Amino acid sequence: MSVTKPDFRPSGKTDHASTMWPLGAALLLSAVLLVLLLLSACGDGNAQKDTNASVDVQDPVAGRAQVVLKTQDYAFDPLHKDSVAGAYVTRTEVEVPNGLLPQNKWVMFEGPVLENDKIAYRFYLDSRHRFDIYGKRVPDLVMDTVGWNYHDVMDWGADILKVGESLGFGSPGVLVGDSLYTLSDARRKVVKVTSAGGDIASLRTTFEDLKIGDQLIDLTQDWSLAAGDYGATIKLEVTKGVLPKGAAFTTGLNKLGPLPKTMEVGNCKALYTYGDQSFHHENLGMAVMADAQYFPHQGDHRLSHLLVFGADLQQVSYKMLAGWSRGVESIDTPEKFVAIVQNECR
């Protein structure tokens, strides 16, 4: 295809030889400009890299959280509670089988896990309904890849708390007089994932006809863990019926370690322990805390140090947190743990 360029000479004639030079010059000029643009772009890219070099680039898994809720893909059989007959399947909702036994392998980890870049927590899905701690040595989200050897200290971490019949760590209960009731005896119990990951992981557990003393109530437990936090939040609310007169929600820490101390930060009150109290006899800090509106005060029970809330409240909210000497940030002194408690008690 021929290219005709207009001739601005007064004669009004078109001279093809003379039109080729402006065309070639234009192409040459375009090539030069393109080279200069490319060099400029490279220079800008280098300048951008130099600017970013001073920025603290975060680990790609930091600032994330996840729920791990897995069961085997068949109905629970109490006669074969230790069987692992196939792969575990991720669930978003589980109705807890009546008669689900402790130390079963139908549910992976015996219950759901909340994990973030610093710590992981679980509760036993069976009638014990106690909370436990997984110490993590890496910020990666790993609990969905961990097997049944989680009691051993591995590269990723380990189960680091012995719970037994105590409240373990932050487990909910109800005090009626001198009697401590855990959330154990319910006609129906359903756990549902309400936020699967991102910057927060959360679960809702619904109890129907939960027996507390001589009364039946319906109760919800909302449990959440945000990325970057050591503290998980528990919210308990009676949705049908009322607690027995004078009863009080409570939580606590087991008595396997040092005597507890208390701390107040603004309107928040915390009960905490730090010392040789992990499953592997290493330093571990544990704390429970709540806002003053729930009237938290120190109490005591046979196996647990208690944080007791005001009598006759039908809903409460509190935090639970732990820090391990071999953890991601090596909480290896009381001062380090106290600083975390002060930060979370808000």
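Let's start with an opening in the surface: the largest pocket holds about 210 Å³ of space. Its lining takes in 14 residues, and the ones nearest the centre are Gln103, Tyr124, Arg128, Val163 and Gly164. Sorted by class, that lining has seven charged residues, four nonpolar ones and three polar ones. Keep in mind as you look around that this is a predicted model.

The second largest pocket comes in at about 160 Å³. Here 15 residues do the lining, with Val96, Ser127, Ser184, Ala186 and Lys189 nearest the centre. If you want an element to look for, try strand 11 (residues 186-195), which gives the largest share of this lining, four residues. The mix of classes in the second largest pocket is seven nonpolar, four polar and four charged.

Now step back and take in the whole chain. Trace it from end to end and you will pass two helices and 22 strands. Of its 346 residues, 44% are buried. The exposed surface comes to about 17200 Å², and carbon and sulfur atoms supply 54% of that. How do the contacts spread along the sequence? Take the contacts between residues at least 6 apart in sequence: 60% of them join residues at least 24 apart.

One link between distant parts of the chain is easy to pick out. The structure holds one disulfide, and the partners are Cys268 and Cys345, with their sulfur atoms 1.9 Å apart. The pair joins distant parts of the chain: Cys268 sits in strand 18 (residues 268-276), while Cys345 is in the segment after helix 2 (334-344), 77 residues away in sequence. Look along the S-S bond and you'll find an angle of -100°, which makes the link left-handed. Are these two cysteines buried or exposed? Cys268 counts as buried because its relative accessibility is 7%, under the 20% cut-off. Cys345 is buried too, because its value is 1%.

From there, move to the enclosed space inside the model. There is one cavity of 30 Å³ or more, and the largest cavity contains about 40 Å³ of space. Which residues line the largest cavity? Several come from one stretch of numbering, namely Gly323, Trp324, Gly327, Val328, Glu329, Ser330 and Ile331, and they are joined by Lys118, Ile119, Lys136 and Tyr230. By class, the lining has five nonpolar, three polar and three charged residues.

Two of those lining residues, Lys136 and Trp324, lead us on to a glycine. Gly157 is in strand 8 (residues 157-159). Setting aside its neighbours within four places in sequence, Gly157 touches Gly135, Lys136, Arg137, Asp152 and Trp324. Its relative accessibility is 0%, so Gly157 counts as buried. For a sense of spacing, compare Gly157 with Val146: they are eleven residues apart along the chain, and their C-alpha atoms are separated by 9.8 Å.

Trp324 has a place in the next stop as well, since strand 22 covers residues 315-324. Another residue of that strand is Ser317. What does Ser317 contact, beyond its neighbours within four places in sequence? Its partners are Thr233, Ile234, Lys235, Ala290 and Tyr294. With 16% relative accessibility, Ser317 still counts as buried, because the cut-off for that label is under 20%.

Finish with two residues whose backbone angles deserve a look. Phe109 has a phi near 65°, a positive value in a residue other than glycine. You'll find Phe109 in the loop between strand 4 (93-95) and strand 5 (113-116). Though it belongs to a loop, Phe109 counts as buried because its relative accessibility is 0%.

The other is Asp209, with phi near 55°, again positive in a residue other than glycine. Asp209 has its place in strand 13 (residues 200-212). How does Asp209 stand in terms of accessibility: buried, exposed or partly exposed? Its value is 26%, so Asp209 counts as partly exposed.

Methods
Residues are numbered from 1 along each chain as its sequence is written. This is a predicted model: local features need pLDDT of at least 70, side-chain atom pairs count only at pLDDT 80 or more; totals for chains, interfaces and linings use all residues. Side-chain values use heavy atoms; hydrogens and water are left out. Buried means under 20% relative accessible area, exposed over 50%, partly exposed in between (1.4 Å probe, protein chains only). Contact means heavy atoms within 4.5 Å. Accessible areas come from the Shrake-Rupley method with a 1.4 Å probe; for residues, only the protein chains shown count as cover. On a 1 Å grid over the protein atoms alone, a cavity is a set of points where a 1.4 Å probe fits but cannot get out, and a pocket is an open set with protein on both sides within 12 Å along at least five of seven lines; lining residues have an atom within 4 Å of a point. Grid points are joined across faces, edges and corners, and a volume is the space filled by probe spheres set on the points. Ala, Val, Leu, Ile, Met, Phe, Trp, Tyr, Cys and Pro count as nonpolar, Asp, Glu, Lys and Arg as charged, and the others, Gly among them, as polar. A disulfide is a pair of cysteine sulfur atoms within 2.5 Å.
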